[in-house]
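Here is a short tour of a protein model, written to be read with the structure open beside it. Let us start with how burial is judged and then walk through the helices, the salt bridges and a few loop positions.

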Amino acid sequence: MKWNPHIHTIVTENAMGNHNIFKKFDFISYNALRKRFQKILLDLLEKHIGKKNFTTLKNFIYKKSDKGFYVYAEKKCNSSTQTMIEYAVRYTGKPAMAESRILDYDGEYVTFWYQRHEDNKVIKERIHVFDFFRRLIIHIPNENFQTVRYYGIYSKKHKFHDKMVILIKSHKMCSFRLYI
């Protein structure tokens with residue numbers, strides 16, 4: 001239940017070529033992915049916040065995260081497009097914390113556990129109910145917030161969209177999780 005912004009992506013194991021519509025690949029440089037994700041996100045934040053207000057923090061983040069942002073990119077390939085879509089919908093629709101992780105509530109304090117993704121250690125915490133709700137409500141999206149977005153070849157605005165729908169269904173898709 002700590003602040004842990006992250007992005008889930010589903011990608012094909014194919015790329016657009018200059019001469020062919022699709023080119024098969026099955027390797028992604030995770031070092032490059034970590035650094036590229038960090039740069040793009042920090043540049044977008046700087047553009048939104050303003051260079052003057054963000055430069056010091058941006059430099060600190062680059063210094064602290066010199067290998068880029070954490071990327072958990074276990075390949076979860078599945079030949080079923082439907083299964084991958086169901087996973088994404090299930091994930092985006094679930095609450096920030098499962099009720100089964102609450103161990104005790106005495107009317108004033110909540111005791112719960114979570115597993116830290118950095119080292120997989122199980123952490124048990126006891127906090128005041130107001131702090132518990134403060135941590136929980138930051139995960140509730142704003143009204144009309146779009147939790148699923150489509151980019152690249154998944155976008156209906158892509159120039160080859162009509163040709164690719166058939167190809168995507170016949171290729172495996174893989175899931176990656178990107179953490180800040």
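A residue is called buried when its relative accessible area is under 20%, exposed when over 50%, and partly exposed in between. By that yardstick D43, at 27% relative accessibility, counts as partly exposed. Please keep in mind that this is a predicted model.

**The chain as a whole**

The protein chain holds five helices and eight strands. Read from the N terminus, its elements run β-β-β-α-α-β-α-β-β-β-α-α-β. Of its 180 residues, 22% count as buried. The accessible surface comes to about 13600 Å², with 56% of it belonging to carbon and sulfur atoms. Among contacts between residues at least 6 apart in sequence, 60% join residues at least 24 apart.

**Helices α1 and α2**

Helix α1 covers residues 30–49, and its 20 residues reach 28 Å from the first C-alpha to the last, close to the 28 Å expected. Which residues of α1 are buried? They are F37, Q38, L42 and E46. Seen down the helix axis, the buried residues of α1 fall within an arc of 155 degrees, so they line one face of the helix. The face turned away from that buried side carries the exposed residues L44, K47 and H48. After α1 comes G50, which has a positive phi near 110 degrees.

Helix α2 takes up residues 51–64; its end C-alpha atoms are 19 Å apart, which agrees with the 20 Å that 14 residues should span. Its buried residues, F54, K58 and I61, pack against α1.

**Salt bridges**

The count of salt bridges comes to seven. Three of them are set out here.

| Pair | Closest N to O distance |
|---|---|
| D43 and K39 | 2.5 Å |
| E46 and K58 | 3.3 Å |
| R126 and D106 | 3.1 Å |

D43 and K39 are four residues apart in helix α1, which means about one helical turn separates them. K39, like its partner, is partly exposed, at 36% relative accessibility. The side chains of E46 and K58 also meet in a salt bridge. Because E46 lies in helix α1 and K58 in helix α2, this pair ties together parts that are 12 residues apart in sequence. Both partners are buried: E46 has a relative accessible area of 16%, and K58 stands at 10%. K39, D43, E46 and K58 are linked in a network of salt bridges.

Elsewhere, R126 and D106 form a salt bridge. R126 lies in strand β7 and D106 in the loop between β5 and β6, so the pair ties together parts 20 residues apart in sequence. R126 is exposed at 51%, whereas D106 is partly exposed at 43%.

**Loop positions**

Is G68, in the loop between α2 and β4, buried or exposed? G68 counts as buried, at 6% relative accessibility. Leaving aside neighbours within four places in sequence, G68 is in contact with R34, K35 and Q38. Its C-alpha is 8.5 Å from that of A32, although the two are 36 residues apart in sequence.

N120 sits in the loop between β6 and β7. This residue is not a glycine, yet its phi is positive, about 60 degrees. N120 is exposed, with a relative accessible area of 52%.

Lastly, I138 lies in the loop between α4 and α5 and is partly exposed at 44%. Together with F133, I137 and I140, I138 makes a nonpolar surface patch of about 400 Å².

Terms used: Residues are numbered from 1 along each chain as its sequence is written. This is a predicted model: local features need pLDDT of at least 70, side-chain atom pairs count only at pLDDT 80 or more; totals for chains, interfaces and linings use all residues. Side-chain values use heavy atoms; hydrogens and water are left out. Patches are made of residues with over 30% relative accessible area and no salt bridge: like charges are joined within 9 Å, nonpolar side chains (Val, Leu, Ile, Met, Phe, Trp, Tyr) within 5 Å. Accessible areas come from the Shrake-Rupley method with a 1.4 Å probe; for residues, only the protein chains shown count as cover. A salt bridge is a side-chain nitrogen of Lys or Arg within 4 Å of a carboxyl oxygen of Asp or Glu. Helices (H or I, at least four residues) and strands (E, at least two) are DSSP runs, numbered from the N terminus. Buried means under 20% relative accessible area, exposed over 50%, partly exposed in between (1.4 Å probe, protein chains only). The expected span of a helix is 1.5 Å times one less than its number of residues. The arc is that of the directions from the helix axis to the C-beta atoms. Contact means heavy atoms within 4.5 Å.
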